[in-house]
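The following exercises concern the enclosed and open spaces of a structure. Each task is followed by a worked solution.

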Amino acid sequence: MSEHLPVYDWEYATAGDEASPVTVEITADKILKYAAALRDANPALKAMPGRPLGVPPIMVRVYAPLRRRELVAEKGARYPDHPTPAVHWRCQVLDELHVGERLTSVTRVSDKYVRNGRHFLAWQVEARRGADVVARFEYVNLWDRGRPEDRNR
Amino acid sequence: MSTAAASPARFEDIRVGDGLPRQTWTVAKEDIEAFGDFLYPATAQNPERRGNPHIDEEYARQSIYGGLFVDGNQTVALLCRMATDWLPPGSLVCGFSEVDVKFPNPVRVADVIAFSGEVSAKTTEGGRDRVRLEVLAQNQAGKAVAVGAICACVPRGGEMNNQGA
């Protein structure tokens, strides 16, 4: 039963913790859904015969999924029961990416630190085409429960 | 930030100091839900929906934050949309780009968010043209909710996928 597992809190987390790899295809359907959700009129995100779709930076969250919950489960723990707001978002796309290609990514805890008395976890996802890293995503979350004053921020 | 410059057709038309046209977003729950459906599809097995403070309203209400707040991914996406609305066609979505954004404050339903940006650098390296934009999103109280930079590759000749050689 998952409620008997330890919580993957800041103390439990270890820099270097890693999830098993996952392979995801970049699909036109998902890019079109992105454009619709954002009401993004960028012509590069519209299906046109003979022209490849562009791949927006946010698609890193799809082709290189963060999979924090999967990592936590693989480490024999359960996910915290409070929100973990993001404080930093960074993505580097190191090559051209194409609809139809399949990328393999691995999620890891890249760092944990304390700042102003608050506890943060940094996550990194690297997406590879074969042996080559083609995109790198970094995400930092506040891993504490939050403070009463956060309600009014 | 400087005054908005006309949309450049080519990399050569971009000037350091050019301001992007400001965009505003009055945060509606429907917008949050639409983005949530994109990023966290409502499938039976998706573990990312339940207990997600961006789409699970009851969970968010009972948390210390007291209600839904906008997914940082959505704020970044809207900063990127502001950039691509202005940059030459195919920019930022052709690879070789970077986005780096911090979130000093949360975005909540009914907030009015103003997005702005300015060109801070242009570089040509390895046969690729890139432009760096300093970007900012502020709420109606003037508090920064997202601040950072977008380094966008600008395709030559307005075509995509010609930057790889």
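**Exercise 1.** State how the lining of the largest cavity divides by class.

*Solution.* The lining comprises nine nonpolar, seven polar and four charged residues. Here Ala, Val, Leu, Ile, Met, Phe, Trp, Tyr, Cys and Pro count as nonpolar, Asp, Glu, Lys and Arg as charged, and the others, Gly among them, as polar.

The model is predicted: local features need pLDDT of at least 70 and side-chain atom pairs pLDDT 80 or more, while totals for chains, interfaces and linings use all residues. Residues are numbered from 1 along each chain as its sequence is written, chains are lettered from A and ligands numbered from 1 in the order in which they are written, and side-chain values use heavy atoms, without hydrogens and water.

**Exercise 2.** Identify the residues nearest the centre of the largest cavity.

*Solution.* On a 1 Å grid over the protein atoms alone, a cavity is a set of points where a 1.4 Å probe fits but cannot get out, and lining residues have an atom within 4 Å of a point. Of the 20 lining residues, Arg68(A), Thr84(A), Asn52(B), Pro53(B) and His54(B) lie nearest the centre.

**Exercise 3.** Compare the expected and actual spans of helix 3 of chain B.

*Solution.* Helices are DSSP runs (H or I, at least four residues), numbered from the N terminus. The expected span is 1.5 Å times one less than the number of residues. Helix 3 has 15 residues (72-86) and should therefore span 21 Å; its end C-alpha atoms are 22 Å apart, which agrees. In this helix of chain B, 14 of the 15 residues are buried (under 20% relative accessible area, 1.4 Å probe, protein chains only).

Conventions:
1 Å grid on protein atoms, 1.4 Å probe; cavity = no way out; pocket = protein on both sides within 12 Å on 5 of 7 lines; lining within 4 Å. Helix = DSSP H or I, 4+ residues; strand = E, 2+ residues; numbered from the N terminus. Buried < 20%, exposed > 50% of the residue type's maximum accessible area, 1.4 Å probe, protein only.
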